[in-house]
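Here is a relaxed walk through one protein structure for someone meeting it for the first time. Have a look at the sequence and the 3D view, then read on.

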Amino acid sequence: KPRSNSSFFIASKVAVLGAAGGIGQPLSLLLKLNKDVTGLSLYDLRGTPGVAADLSHIPTNSKVTGYTPEKGGLKEALAGVEVVVIPAGVPRKPGMTRDDLFNTNASIVRDLAKGIAEFAPKAKVLIISNPVNSTVPIVAEVLKSKGVYDPKKVFGVTTLDVIRASRFISEVKGTNPAEETVTVVGGHSGHTIVPLISQSGHPDISGETLDALVNRIQFGGDEVVKAKDGAGSATLSMAQAGARFAGSLLKAAKGETVVEPTYVESPLFKDQGVDYFSSKVTLGPEGVKEIHPLGKLNAYEEKLIATALEDLKKNIKKGVDFVAQNP
């Protein structure tokens, strides 16, 4: 057993809120396999004790516990937690946009944020629940109202757009997707998703090929919703993306330098009224260490950014207004 005073060992307790759902279960499995996780705390309305019992048989060095709302379950689930991942909410069905989910998921996320403010105010919070462009401001507004908001610790997980971009560009170029790095900026829905293909090492992708690639990265989620034919949305790929980002934060907590695109409170476009934006972020022990500028963009990408900013402004306002009207 590693000694806790060893510089290589940091106890890292992670909570998954919404752990019995379509994203929550595979996400919890991947976190159980992460050697940096020493405690895994699972919370959902029902089913979590069973998921926890199942995962607890996997021989990795983390203890798994499952909680439901009864008997102060949320308080118990959040005790001593460093990282909270929130995949809770209802999934998309065919024909639904991420915004159609808004009212249901906004209420769920608001209530969980209240729990975090009370029981784990210093935790890093990773938001997966859609629409992320609006749910991140919801969490921030709740934490502000309770006097515990730290912009370095609230993240919208946009990693699914990043891994899709690597996969889809590799299909265009016939390369190994594991070796493709594509920076994706903006937000996490439709036209707010802006892949910076000119910076990807493939500046030769252009014309209709570029249009099709960008569209596929922006609307890749629709492929999955359609293929699942009413039975859900992107849960497995989203779980992998969420686990990757949580893993990056845990590495950063140990002092490793990790850079990942993520949707955070950002100075990049504040002068245009857009308070949250996804770009490359250097992660550190406290969470956000440095927010990177976008770098050199071509005219095509400038246009995509302009469209994204218009949508983001509305999405962010929607989240802020929701908390003001439904505290």
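## Starting at threonine 48

The side chain of threonine 48 reaches the backbone nitrogen of aspartate 44, at 3.5 Å. A polar atom of that same threonine 48 side chain also lies 2.7 Å from the backbone oxygen of tyrosine 67. Bear in mind as you look around that this is a predicted model.

Where does threonine 48 sit? Its place is in helix α2, which covers residues 48-55. Buried or exposed? Threonine 48 counts as buried, because its relative accessibility is 0% and the cut-off for buried is under 20%. Leaving out residues up to four places away in sequence, threonine 48 touches Ala19, Ala20, Leu42, Tyr43, Gly66, Tyr67 and Thr68. Glutamine 25 is 23 residues away along the chain, and its C-alpha atom is separated from that of threonine 48 by 9.2 Å.

## The loop between α1 and β2

Now for a loop with several residues to look at. Aspartate 36 is found in the loop between α1 (24-32) and β2 (39-43). Aspartate 36 is buried, at 10% relative accessibility, and its side chain makes a polar contact with the side chain of lysine 254 at 2.9 Å.

Valine 37 lies in the loop between α1 and β2 too, and it is buried with a relative accessible area of 1%. Setting aside neighbours within four places in sequence, valine 37 is in contact with Ser12, Val14, Leu31, Asn61, Ser62 and Leu250. Valine 37 and alanine 246 are 209 residues apart in sequence, yet 9.8 Å apart in space, C-alpha to C-alpha. Leucine 33 is another residue of the loop between α1 and β2, but leucine 33 is partly exposed, with 49% relative accessible area. Together with Leu29 and Leu30, Leu33 forms a nonpolar patch on the surface, and the accessible area of the three comes to about 230 Å².

## Inside the protein

Time to look at the nonpolar interior. The largest nonpolar core has 62 residues, and Leu17, Ile86, Ile197, Phe277 and Ile305 have the most contacts inside it. Which helix gives this core its largest share? That would be helix α9 (residues 299-325), with 8 residues. Apart from this core lies another one, made of 36 residues, including Leu27, Ala234, Phe245 and Val264.

Phenylalanine 277 has quite a list of contacts, even without its neighbours within four places in sequence: Val185, Gly186, Thr262, Tyr263, Val264, Ser266, Leu268, Phe269, Leu294, Ile305, Leu309 and Leu312.

## Two more buried residues

Serine 134 lies in helix α5 (residues 132-145) and is buried, with a relative accessible area of 0%. Not counting neighbours within four places in sequence, serine 134 is in contact with Phe102, Asn315, Lys318 and Gly319.

Glycine 284 belongs to strand β10 (residues 276-284) and counts as buried at 5% relative accessibility. Beyond residues up to four places away in sequence, glycine 284 touches Lys124, Ala252, Ala253 and Lys289. Serine 56 is 228 residues from glycine 284 in sequence and 30 Å from it in space, C-alpha to C-alpha.

## Salt bridges

Side chains of opposite charge can pair when their charged atoms come close. How many salt bridges does a search of the whole structure find? The search finds 13. One of them joins aspartate 204 to lysine 173, with the closest N and O atoms 2.7 Å apart. This pair links distant parts of the chain: aspartate 204 is in the loop between β8 (193-195) and α7 (207-227), while lysine 173 is in helix α6 (residues 159-173), 31 residues apart. Lysine 173 is partly exposed, at 31% relative accessibility.

Arginine 244 and glutamate 260 also meet through their side chains in a salt bridge, 3.3 Å from N to O. Arginine 244 is in helix α8 (residues 236-253) and glutamate 260 is in strand β9 (residues 258-265), 16 residues apart. Arginine 244 is partly exposed at 33%, whereas glutamate 260 is buried at 5%. Lysine 317 and aspartate 321 pair up as well, at 2.6 Å from N to O; both lie in helix α9, 4 residues apart, or about one turn of the helix. Lysine 317 is exposed, with 52% relative accessible area, and aspartate 321 is partly exposed, with 24%. Finally, a network of salt bridges links Arg167, Glu171, Arg216 and Glu223.

Methods. Residues are numbered from 1 along each chain as its sequence is written. This is a predicted model: local features need pLDDT of at least 70, side-chain atom pairs count only at pLDDT 80 or more; totals for chains, interfaces and linings use all residues. Side-chain values use heavy atoms; hydrogens and water are left out. Helices (H or I, at least four residues) and strands (E, at least two) are DSSP runs, numbered from the N terminus. Buried means under 20% relative accessible area, exposed over 50%, partly exposed in between (1.4 Å probe, protein chains only). A polar contact is a pair of N or O atoms within 3.5 Å; within protein, one must be able to donate a hydrogen and the other to accept it, and residues adjacent in sequence count only if both atoms are side-chain atoms. A nonpolar core is a set of buried Ala, Val, Leu, Ile, Met, Phe, Trp, Tyr and Cys residues joined through side-chain atoms within 4.5 Å. Contact means heavy atoms within 4.5 Å. Patches are made of residues with over 30% relative accessible area and no salt bridge: like charges are joined within 9 Å, nonpolar side chains (Val, Leu, Ile, Met, Phe, Trp, Tyr) within 5 Å. Accessible areas come from the Shrake-Rupley method with a 1.4 Å probe; for residues, only the protein chains shown count as cover. A salt bridge is a side-chain nitrogen of Lys or Arg within 4 Å of a carboxyl oxygen of Asp or Glu.
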